[in-house]
Each structure stands twice: as structure tokens, then as C-alpha cells.
Amino acid sequence: FCAAQGVPISQLALQFSCQHLEIPTTMFSTANRKSLMQVLEWHDQKFDPALVAEVRSMLASVSDRDWY
């Protein structure tokens with residue numbers, strides 16, 4: 001769904017977690033400089049709140065569940 005909107009879900013997840021005030025730390029890993037530069041670019045961009053809302057509504061049926 002996100003890719004069809006022109007935004008990789010990894011981008012949306014990074015932006016949301018980095019810009020959400022209740023999430024104090026966001027960690028990521030990368031294997032190369034190109035990926036690092038992409039993550040840094042994404043970090044500086046604002047996420048689309050409407051896209052986040054749509055993804056959250058799509059995941060509502062599995063939200064707040066324990067997976068063990």
C-alpha cells in the first residue's frame with residue numbers, strides 16, 4: 001500500500017518513530033553508505049499524517065496484540 005502511494009513503508013516507519021514525541025529513541029542499521037544517506041534524507045522530511053492514519057486503520061485488527 002505505501003509503495004503504491006510513493007512512500008516505502010520503511011521510510012514512513014522511520015519518519016514516524018523519529019518525529020513522534022513519545023518515542024525517545026529510534027535505532028536503524030545499514031550495510032552501506034548509500035542506505036545511510038537515504039535514511040538521513042528521510043529523517044529530515046516530515047511524514048504524511050494521512051498516510052500514517054491509513055496504515056494504522058489497515059492494521060487496526062492486529063494492533064495492541066501480543067505476538068509470542
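Mentor: Helices (H or I, at least four residues) and strands (E, at least two) are runs assigned by DSSP and numbered from the N terminus. The model is predicted, so local features need pLDDT of at least 70 and side-chain atom pairs pLDDT 80 or more, whereas totals for chains, interfaces and linings use all residues. Residues are numbered from 1 along each chain as its sequence is written, and side-chain values use heavy atoms, with hydrogens and water left out.

Trainee: What makes the pattern of this protein α-α-α?

Mentor: The secondary structure comes to 3 helices and 0 strands, and reading along the sequence therefore gives α-α-α.

Trainee: Why is V39 called buried?

Mentor: Buried means under 20% relative accessible area, exposed over 50%, and partly exposed in between, with a 1.4 Å probe and protein chains only. V39, which is found in helix α2 (residues 33-43), has a relative accessible area of 13%, so V39 is buried. In the protein as a whole, buried residues make up 18% of the 68 residues.

Trainee: How far apart are V39 and S10 in sequence and in space?

Mentor: V39 and S10 are 29 residues apart in sequence, while their C-alpha atoms are 9.3 Å apart in space.

Trainee: Why are V62 and D64 put in different classes, V62 as partly exposed and D64 as exposed?

Mentor: Both V62 and D64 lie in the segment after α3. V62 has a relative accessible area of 33%, so V62 is partly exposed, whereas D64 has 82% and is therefore exposed. D64 also has a positive phi of about 60°, although D64 is not a glycine.

Trainee: Which residues line the largest pocket?

Mentor: A pocket is an open set of points on a 1 Å grid over the protein atoms alone, where a 1.4 Å probe fits, with protein on both sides within 12 Å along at least five of seven lines; lining residues have an atom within 4 Å of a point. In the largest pocket the lining is made of I9, L12, A13, F16, V52, V55, R56, L59, A60 and S63.

Trainee: Which helices supply at least two residues of that lining?

Mentor: Helices α1 (9-19) and α3 (49-58) each do so, and the largest share, 4 residues, comes from α1.

Trainee: How do you know the class of each residue in that lining?

Mentor: Ala, Val, Leu, Ile, Met, Phe, Trp, Tyr, Cys and Pro count as nonpolar, Asp, Glu, Lys and Arg as charged, and the others, Gly among them, as polar. By these classes the lining of the largest pocket has 8 nonpolar, 1 polar and 1 charged residues.
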